[in-house]
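Hi,

Here's the structure I said I'd send over. Have a look at it first, and my notes on what turned up are underneath.

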Amino acid sequence: MARRPIALVTAAVLLLEAPAIVGLNAVMARFVEAQSMSLDGLDPDHMVTGTWALGIGSGAALLLCALVALLTGLRDRAPGRFGRGLLIGCAVVHGVLGAVAVGLIGWTAFAVLMGVVGLIVLTLVAYAKEPGAPAEPKASASGEAEAATA
């Protein structure tokens, strides 16, 4: 199976998506600032700051996910526990955004987001442990003594 190219394509897609998300939030922050919008009396400056913070935080999270996928592809090894959790969380967020986007934006946005979900899940599944593979021996403090008695 072509595991490496899948992980590298996933990393490239996530790397391209990160600045797009930051840019989208920048546009929304600009609209909020220009219209002096508020939500239930909330200060518009706080809304602008929150929109920027969400954009930068989302972009940083996507860059971190892209880094995990890139390292997975370059090393040709499964990501660690933290990396798997990060990629699973990224896939879940993309799935929820896809469900929201189909109603607000349309089916094209849904298809793009589901394509990203598919790449992330394919990366995770491609590097999953095979069911018939032998388990790795666990190292213990008395590992040499156990090996000598066996």
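**How the helices pack**

Helix 1 and helix 4 are oblique to each other, because their axes meet at an angle of about 140 degrees, and an angle has to be over 145 to count as roughly antiparallel. Those axes sit 9 Å apart, and helix 1 passes helix 4 in a left-handed crossing. On the helix 1 side the contact uses Arg 3, Ile 6, Ala 7, Val 9, Thr 10, Val 13, Leu 14 and Glu 17. Facing them from helix 4 are Leu 113, Val 116, Leu 119, Ile 120, Leu 122, Thr 123 and Ala 126. Sorted by class, the residues of this contact come to 11 nonpolar, 2 polar and 2 charged.

Before you load it into anything, do keep in mind that this is a predicted model.

**The overall picture**

The protein has 5 helices and 0 strands, so to speak a plain α-α-α-α-α when read along the sequence. Of its 150 residues, 27% are buried. If you take the contacts between residues at least 6 apart in sequence, 67% of them join residues at least 24 apart.

**Helix 1 against helix 2**

Helix 1 (3-35) packs on helix 2 (residues 44-75) at an angle of about 175 degrees, with the axes 7 Å apart. That makes helix 1 roughly antiparallel to helix 2. The residues of the contact divide into 25 nonpolar, 8 polar and 4 charged.

Both helices have the length you'd expect. For helix 1, 33 residues at 1.5 Å each should span 48 Å, and the end C-alpha atoms are indeed 48 Å apart. Helix 2 has 32 residues and runs 46 Å from its first C-alpha to its last, close to the 46 Å expected.

As for what they bury, helix 1 contributes Ile 6, Ala 7, Thr 10, Ala 11, Leu 14, Glu 17, Ala 18, Asn 25, Ala 29 and Val 32. These residues pack against helix 2, helix 3 and helix 4. In helix 2 the buried set includes Pro 44, Val 48, Thr 51, Gly 55, Gly 59 and Leu 62, and further along there are Cys 65, Ala 66, Val 68, Ala 69, Thr 72 and Gly 73. Helix 1 and helix 3 are among what covers them.

**Val 32, if you want one residue to click on**

Val 32 belongs to helix 1. Its relative accessible area is 11%, and the cut-off for buried is under 20%, so Val 32 counts as buried. Leaving out residues up to four places away in sequence, Val 32 touches Met 37, Pro 44, Met 47 and Val 48. Two of those contacts, Pro 44 and Val 48, are themselves buried residues of helix 2. Pro 44 is 12 residues from Val 32 along the chain, with 7.0 Å between the two C-alpha atoms.

**Helix 2 against helix 3**

Helix 3 (residues 81-104) packs on helix 2 at an angle of about 125 degrees, with the axes 10 Å apart. That makes helix 2 oblique to helix 3, and the crossing is left-handed. From helix 2 the contact takes Leu 62, Leu 64, Cys 65 and Val 68, and from helix 3 it takes Gly 83, Leu 86, Leu 87, Cys 90 and His 94. By class that is 7 nonpolar, 2 polar and no charged residues.

**Helix 4 on its own**

Helix 4 (residues 107-126) also checks out on length: its 20 residues should span 28 Å at 1.5 Å a residue, and its end C-alpha atoms are 28 Å apart. Its buried residues are Ala 109, Leu 113, Val 116, Val 117, Ile 120, Thr 123, Leu 124 and Ala 126. They pack against helix 1 and helix 3.

**Two backbone spots to look at**

Which residue just after helix 1 takes a positive phi? That is Ser 36, at about 50 degrees. The other spot is Asp 76, which has a positive phi of about 55 degrees although it is not a glycine. Asp 76 lies in the loop between helix 2 and helix 3. With 30% relative accessibility, Asp 76 counts as partly exposed.

Cheers

Note on methods
Residues numbered from 1 in each chain as written. Predicted model: local features only at pLDDT ≥ 70, side-chain atom pairs only at ≥ 80, totals over all residues. Heavy atoms only, no water. Axes fitted to C-alpha atoms, helices over the stretch in contact; angles between N-to-C directions. Helix = DSSP H or I, 4+ residues; strand = E, 2+ residues; numbered from the N terminus. Parallel < 35°, antiparallel > 145°, perpendicular 65-115°, else oblique. Left-handed = near helix turned anticlockwise from the far one by under 90°. Contact = heavy atoms within 4.5 Å. Nonpolar A, V, L, I, M, F, W, Y, C, P; charged D, E, K, R; others polar. Expected span 1.5 Å × (residues − 1). Buried < 20%, exposed > 50% of the residue type's maximum accessible area, 1.4 Å probe, protein only.
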